[in-house]
Amino acid sequence: MGTRRRRATEAEANALASGIRLRIIRLTYSEALTNKELAQRLGRDPATTLHHVRKLVQTGFLEPQPRRRGNRGAQEIPYRSTGLSWALDSAGGDTRLREAMLEAYLAEVAELGPGELQQWRFVAQVPADQRQEFENRLQELLEDFKSRPVDPDAERMAVYIGMYPSR
C-alpha cells in the first residue's frame, strides 16, 4: 500500500515553496477551477493567481481541463490538481517548503468560522526503535484515505499534521 515517493526536482521544490500555490493545489484536488474562481476563493487578484497557476502547470502540479464557456460566454480554462504533490517526499526537505506548508495552513485556518477547526495536541513518547513504525502508521492512514474514490457529495476537509521535538 502507499504512494511511491520521490525527491522533488529543483523546479518542483521551487513551485511548492509558496503557500498560495499549495492552497491552489488543495482547492483543485477534487474540483476543476478556473483562474477567476481560484482568485475569488483566495481573495487575490486574477493576474497574480494566473502567475501561480502557470507555474503549477509548467511543473506538472496542475493540468488544464477542456475549455468551457463562462457565465458571459467567454472561454475559460479550468485546472485540476494532478496529485503530484502527494508523490513527492517532503521529509527533512527544503525549509521553504516547510514554511509554505505552515503559511498555507495558517491562511486557511484564519478563514474559518468559530467551531470549524478541530484540533488535537499531545506529546507522544515513542522509543527510538518504534519511531519509524509510528511515522509509517500515520502515513498509511493518510494513504488509505487518499487512495479511496472521491465522493463528489462528501464534505471536503483539509488535514495538517506537524511533528516536532517537544522540548
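Which residues does T28 touch, not counting residues up to four places away in sequence? I kept that question in mind while going through this predicted model, and it is taken up in point 4 below.

1. Let me start with the overall picture. The protein chain has 167 residues, and buried residues make up 23% of them. Its C-alpha trace spans about 60 × 40 × 30 Å along the principal axes. The accessible surface comes to about 12,300 Å², with 49% of that belonging to carbon and sulfur atoms. Among contacts with a separation of 6 or more, 64% are between residues 24 or more positions apart.

2. Next, the secondary structure. You will find seven helices and seven strands in the protein chain. Read from the N terminus, the elements follow the order β-α-α-β-α-α-β-β-β-β-α-β-α-α. That order is handy to keep beside you while turning the model around, since the points below refer to the elements by number.

3. Now the sheet. Three strands make up an open sheet, ordered β2-β6-β3, with antiparallel pairing. The edge strands, each pairing on one side only, are β2 (33–34) and β3 (62–64). Between β2 and β6 there are two bridges, again in the antiparallel sense, and here L33 has Y79 of β6 as its bridge partner. On the other side, β3 is joined to β6 (residues 78–81) by three bridges, and L62 stands opposite S81. If you want to check the register by eye, L33 with Y79 and L62 with S81 are two good places to look.

4. Back to the opening question. T28 touches L33, L38, L62, Y79, R80 and S81, once residues up to four places away in sequence are set aside. Among these are both members of the bridge pair L33 and Y79, and also L62 and S81, which stand opposite each other. T28 itself is in the loop between α2 and β2. Its relative accessible area is 0%, so it counts as buried. The T28 side chain also reaches back to the backbone oxygen of I24, at 2.9 Å.

5. I24 deserves a paragraph of its own. Apart from neighbours within four places in sequence, I24 is in contact with L38, L42, T49, H52, V53, L56 and L62. I24 is also one of the residues with the most contacts inside the largest nonpolar core, together with L16 and F61. That core has 20 residues. At least two residues of the core are supplied by each of α1 (10–16), α2 (19–27), α3 (35–42), α4 (46–58) and α6 (95–110). The largest share, five residues, comes from α2.

6. There is one aromatic pair in the structure. It consists of Y105 and Y160, whose ring centres are 4.4 Å apart and whose planes meet at 20°, so the pair is stacked. Y105 belongs to helix α6 and Y160 to the segment after α7, so the pair ties together parts 55 residues apart in sequence. How exposed are the two partners, Y105 and Y160? Y105 counts as partly exposed, because its relative accessibility is 21% and the buried class ends under 20%. Y160 is partly exposed too, with a relative accessible area of 37%.

7. A buried acidic side chain is also worth a look. E143 is in helix α7 (residues 131–147). With a relative accessible area of 5%, E143 is buried. What joins the side chains of E143 and W86? The link is a polar contact of 3.3 Å.

8. Finally, a small item from strand β5 (residues 75–76), where Q75 lies. Q75 is partly exposed, with a relative accessible area of 42%. Leaving aside neighbours within four places in sequence, the contacts of Q75 are R67, R68 and R69.

Technical notes
Residues are numbered from 1 along each chain as its sequence is written. This is a predicted model: local features need pLDDT of at least 70, side-chain atom pairs count only at pLDDT 80 or more; totals for chains, interfaces and linings use all residues. Side-chain values use heavy atoms; hydrogens and water are left out. Two strands pair if DSSP finds at least two bridges between them. Helices (H or I, at least four residues) and strands (E, at least two) are DSSP runs, numbered from the N terminus. Buried means under 20% relative accessible area, exposed over 50%, partly exposed in between (1.4 Å probe, protein chains only). A polar contact is a pair of N or O atoms within 3.5 Å; within protein, one must be able to donate a hydrogen and the other to accept it, and residues adjacent in sequence count only if both atoms are side-chain atoms. A nonpolar core is a set of buried Ala, Val, Leu, Ile, Met, Phe, Trp, Tyr and Cys residues joined through side-chain atoms within 4.5 Å. Contact means heavy atoms within 4.5 Å. Accessible areas come from the Shrake-Rupley method with a 1.4 Å probe; for residues, only the protein chains shown count as cover. Rings of Phe, Tyr and Trp (its six-membered ring) pair if their centres lie within 6.5 Å; planes under 30 degrees apart count as stacked, over 60 as edge-to-face and the rest as tilted.
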